[in-house]
Amino acid sequence: MSARALSGRSLEEIDLDEGRAGRLSPADLRIHPDTLRWQAEVAERHGNPQLAENLRRAAELAGIDDAELLRIYEALRPGRSTRAELEAIAAGLDQAGAPACAAFVREAAAVYARRGVVRGA
Amino acid sequence: MDDRADQRGAQEESRGQVRGSTSGRFRALDRQPVNLDGFAQEDDDMGLVAFRSRHDPEPSLVLGDGGEVAELDGVAAAGFDMLDAYIAAHGIDRAVAAQTTALDDIEFARLIVDPITPRDEVVRLAGGATPAKLARVVALLRPVELQMAIAKMRVRRTPSIQAHVTNRLDDPLLIAADAATAVAYGFRELETTVPVLADAPSNALALLIGSQVGAAGALTQCSVEEALELELGLRGLTTYAETVSLYGTEQVFVDGDDTPWSKAFLCSAYASRGLKMRVTSGGGAEVLMGAAEGKSMFYLESRCVALARAIGAQGVQNGGIDGASVVGSVPDGMRELLAENLLVMLRDLESCSGNDALISESDMRRTAHTVPLLLAGSDFLFSGFGSVPAYDNMFGPSNFNGDDLDDYLVLQRDWGFDGALRPVDESRLREVRERAARATQAVYRDLGLARLGDDRIAAVVDAAGSKDLEPLDPAVVIDAAAAIRERGVSLLDVVLSLARTGFAEEAERVLAMGRAHVTGDYLQTAAIFDEQMNVLSKVTDPNDYRGPGSGHSPSKARRAEMAAVRQQRSRRDLLDKQAPHVGHVRLVVTGDAARGSDPAEVCIGLSPAFASALWSTMAGIPVGEVIALVLSGLADEGCAGRLVKVRSTIDLGMIGLVAARLAGSGIGVGLQAKGTALIHRSDRAPLACLELYSVAPLITPEMYRELGRNAGRHARSLEPAPLRNPYIEEAIEPRYHAEAVMLVAIERESCVPGAAPLNVEVLP
């Protein structure tokens with residue numbers, strides 16, 4: 001598969017000459033969600049559905065900015081969020097076209113509530 | 001005695017585990033380094049037990065009507081802690097659960113070891129195994145069975161190895177030079193960390209630059225607090241992540257400020273930027289944190305590894321890691337550490353196999369910990385070989401460190417296992433160190449991060465470690481690190497800066513790492529890049545070991561590379577020692593040797609190559625001097641010496657006996673060119689000489705003279721006290737045997753069977 005970057009630039013157009021000409025941006029060196037989905041298929045074909053699931057969640061996160069990723073990670077750490085706050089993050093992920101991640105956060109929220117690792121528990 | 005030895009001595013006095021022994025034998029043993037190590041009695045309640053605690057659950061797996069896991073290892077769904085819940089939801093292959101659950105433990109263990117049973121079939125069955133089931137089965141394996149299983153079950157066919165690259169100063173030039181050095185040796189992943197957290201971005205940047213000097217494709221990481229590590233990864237300043245820790249109990253997990261879901265999210269976050277990552281676990285962590293719940297270390301590790309698979313990580317660093325010494329303190333601890341690596345492989349994950357923490361003060365014990373894995377092979381033989389001096393390792397000393405590199409290369413050569421490293425010659429070492437330091441200096445200057453002087457480059461190129469350098473103003477590194485972070489310096493900035501400053505080759509290679517993030521092929525299990533940027537992974541380079549004659553084996557070229565350690569000497573090299581002495585003495589033949597009649601005459605039998613093809617003893621004494629010394633010793637006792645060239649044999653006993661039979665006194669001296677010497681008497685059997693000086697490299701000029709005197713005393717029928725061979729406890733034979741073989745071969749070439757002995761004289 002011929003990959004293209006998050007920016008849409010094809011791999012063949014990512015070289016030093018382009019860089020020297022000032023035509024490369026950081027998004028030209030980021031992975032595209034389609035590539036992650038394809039890698040997920042490869043992982044699945046090679047017998048690792050869990051790795052595939054991880055890569056599908058990653059595909060949903062590929063376009064989300066760094067600060068938001070760090071914020072969600074922080075919110076998932078123990079005692080950081082109420083169940084409602086986790087639900088709000090899940091809803092945001094749904095809206096951002098990240099249903100697998102949204103479901104993942106809801107799954108966490110349910111277990112956190114039961115095990116007392118939500119904030120204020 | 002250096003500082004370290006002083007310190008060691010003080011430790012032996014104050015901290016030895018065994019003290020106050022009353023017998024000499026035990027007092028001597030007390031001083032052995034192994035007695036600085038701690039050994040703990042097994043204690044199930046504390047979790048101080050390697051494989052099996054009475055509190056470990058019985059394996060169980062019950063599926064509900066909807067196919068969901070209703071019971072896992074004795075716990076019903078309502079009582080699942082976070083680990084159970086995550087593993088139950090994501091980590092069990094329900095399609096094989098019933099088959100695996102029904103499989104007898106010993107039968108399962110045999111399938112794991114048996115080379116004929118395909119790897120894929122074992123992986124399939126392991127997919128249905130609960131943590132307790134897999135722990136119990138693997139615990140059945142003996143050490144050699146673990147090795148067989150590891151040879152078959154590791155994911156990647158080609159073994160690889162990771163290095164620690166750190167220093168006490170966080171000196172960016174030294175980090176870059178040491179990174180390039182590690183790559184020259186063959187390390188394919190480089191891990192750094194910091195003594196000062198704020199320095200992390202600088203270390204990551206210097207490591208990235210240094211890693212791409214000399215060869216392409218080594219992966220780099222900077223091990224720091226999870227959020228900062230992620231930030232560095234998102235910027236592309238690191239190319240993989242590893243320090244995503246998992247623990248075997250919920251309490252320790254939460255104490256570590258994470259949950260299985262937060263860790264799983266981290267996995268996805270790294271992957272979302274095209275970054276390889278693996279998780280870290282390792283036995284002993286829970287008991288160190290006082291929350292092992294009375295479970296065995298191996299059962300808890302089995303939970304970690306099951307969780308690693310469940311969260312979708314491609315690999316695991318384990319085999320003790322920070323808790324390695326805790327595991328090592330209990331019975332079966334070393335076997336447990338090796339078995340942890342196998343757990344990872346059985347879950348079809350990349351194994352980054354520990355050996356990264358110094359497990360003993362005893363060289364014997366720390367080596368014994370690591371060697372079984374080296375012989376079996378792993379995706380990463382070390383999750384951090386300390387490529388720098390132990391004092392510079394900011395993770396703490398690794399089990400093997402910079403000073404052990406020659407030992408490692410020799411071990412690899414001895415056994416023919418592929419340890420993934422290669423010898424490096426000194427000019428290459430200097431070349432890559434200088435290039436890495438200069439590239440880093442240039443980028444730091446170009447990006448306005450720091451001005452690092454040229455004088456420091458020379459010092460860094462030469463340095464063994466940071467103790468050889470002037471201290472660096474800490475503000476320099478902190479300011480550079482802060483600037484990298486504040487300005488959001490990214491991989492692309494590094495590429496463009498390298499290109500601007502004349503390091504186009506390195507710019508291309510760093511850019512290639514950026515392109516690798518775009519293609520994502522190295523997100524697959526056990527992926528590394530070779531030096532041509534080919535991805536070697538489960539997908540492209542699967543382990544195909546099926547018993548003898550299969551699987552990875554070093555190619556002919558690779559074997560030659562492994563063989564060519566810098567200490568290896570050819571015949572020509574070994575004979576270099578002879579060169580300065582060639583022709584320094586000339587012997588002239590005066591006729592056939594006949595029996596003498598002077599009762600004060602002692603004959604000195606010279607070996608075939610003596611002063612004709614060989615000119616120096618192994619102790620470096622010119623052979624002419626040896627003759628002169630023996631003659632002067634004889635003269636001291638009023639005896640005359642006659643030189644006889646014995647051409648028909650290289651056997652020193654025979655040479656001495658031939659000389660003795662020719663001598664008027666019946667006493668002869670035998671000399672081999674390599675320096676071995678003896679005194680013989682005409683009526684004795686060839687091997688029953690009077691005195692033998694067998695350790696040629698240790699024979700001094702004074703001893704040759706004393707040998708002459710003793711020969712004279714024998715001729716005068718006195719009974720001299722035989723000279724003592726200089727016995728020492730060092731391994732003298734391995735030091736000299738290769739050279740001795742060469743010298744003996746030359747004696748053999750000079751030998752003329754059947755030729756009569758000749759009288760010779762030294763030309764003045």
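The domain assignment of chain B divides it into domain 1 (61–152), domain 2 (160–238 + 374–563) and domain 3 (575–762). Keep in mind from the start that this is a predicted model. With those domains as a map, let us walk through chain B and then turn to its partner, chain A.

Let us begin with the overall picture. Chain B has 764 residues, and 54% of them count as buried. Its secondary structure comes to 30 helices and 20 strands. Along the principal axes, the C-alpha trace of chain B spans about 110 × 65 × 55 Å. The contacts in chain B also say something about how the sequence folds back on itself: among those with a separation of 6 or more, 76% are between residues 24 or more positions apart.

Now look at how two of the domains meet. The C-alpha centres of domain 1 of chain B and domain 2 of chain B are 37 Å apart. Where they touch, 7 residues of domain 1 of chain B are in contact with 9 residues of domain 2 of chain B. Which helix gives the largest share of the domain 1 side? That is helix α8 (residues 143–153) of chain B, with 4 residues. Sorted by class, the side of domain 1 of chain B that touches domain 2 of chain B holds 4 nonpolar, 1 polar and 2 charged residues.

Helix α8 of chain B is worth a pause, and B:L146 is a residue in it to find on your screen. Is B:L146 buried or exposed? It has 22 C-beta neighbours inside 10 Å, and a residue counts as buried from 20 upwards, so B:L146 counts as buried. Leaving aside residues up to four places away in sequence, B:L146 touches B:L141, B:R335, B:L338, B:A339 and B:L342. For a sense of distance across the chain, compare B:L146 with B:L758: they are 612 residues apart along the chain, and their C-alpha atoms are separated by 64 Å.

Next come two pairs of helices. Helix α7 (residues 131–138) of chain B packs with α15(B) at an angle of about 125 degrees, and their axes are 8 Å apart. An angle between 115 and 145 degrees falls in the oblique range, and α7(B) and α15(B) are therefore oblique to each other. Their crossing is right-handed. On the α7(B) side the contact is made by B:P131, B:A132, B:L134 and B:A135, and on the α15(B) side by B:F298, B:Y299, B:S302, B:R303 and B:A306. By class, this contact of α7(B) with α15(B) has 7 nonpolar, 1 polar and 1 charged residues.

The second pair is helix α10 (residues 200–211) of chain B and helix α20 (residues 426–446) of chain B, whose axes come within 9 Å and cross at roughly 135 degrees. α10(B) and α20(B) are therefore oblique to each other, and α10(B) passes α20(B) in a right-handed crossing. The residues that make the contact are B:A206, B:I209 and B:G210 of α10(B), together with B:A436, B:A439, B:T440 and B:V443 of α20(B). By class, the contact has 5 nonpolar, 2 polar and no charged residues.

Two loops of chain B deserve a look for their backbone. Most residues other than glycine have a negative phi. B:E293, however, has a positive phi, near 55 degrees. B:E293 lies in the loop between α14 (285–288) and α15 (297–311) of chain B. With 19 C-beta neighbours inside 10 Å, B:E293 counts as partly exposed. B:M533 also has a positive phi, near 65 degrees, and lies in the loop between β12 (528–529) and β13 (535–536) of chain B. B:M533 is partly exposed, with 14 other C-beta atoms within 10 Å.

Finally, turn to where the two chains meet. The contact takes 42 residues from chain A and 51 residues from chain B. On the chain A side, α1 (16–20), α2 (33–45), α3 (49–61), α4 (66–76) and α6 (99–115) each supply at least two residues. Which helix provides the largest share of that side? α3(A) does, with 8 residues. By class, the side of chain A that touches chain B has 26 nonpolar, 8 polar and 8 charged residues.

Key. Residues numbered from 1 in each chain as written. Chains lettered and ligands numbered in written order. Predicted model: local features only at pLDDT ≥ 70, side-chain atom pairs only at ≥ 80, totals over all residues. Axes fitted to C-alpha atoms, helices over the stretch in contact; angles between N-to-C directions. Parallel < 35°, antiparallel > 145°, perpendicular 65-115°, else oblique. Left-handed = near helix turned anticlockwise from the far one by under 90°. Nonpolar A, V, L, I, M, F, W, Y, C, P; charged D, E, K, R; others polar. Domains from an automatic or database assignment. Buried ≥ 20, exposed ≤ 12 C-beta atoms within 10 Å, placed from the backbone.
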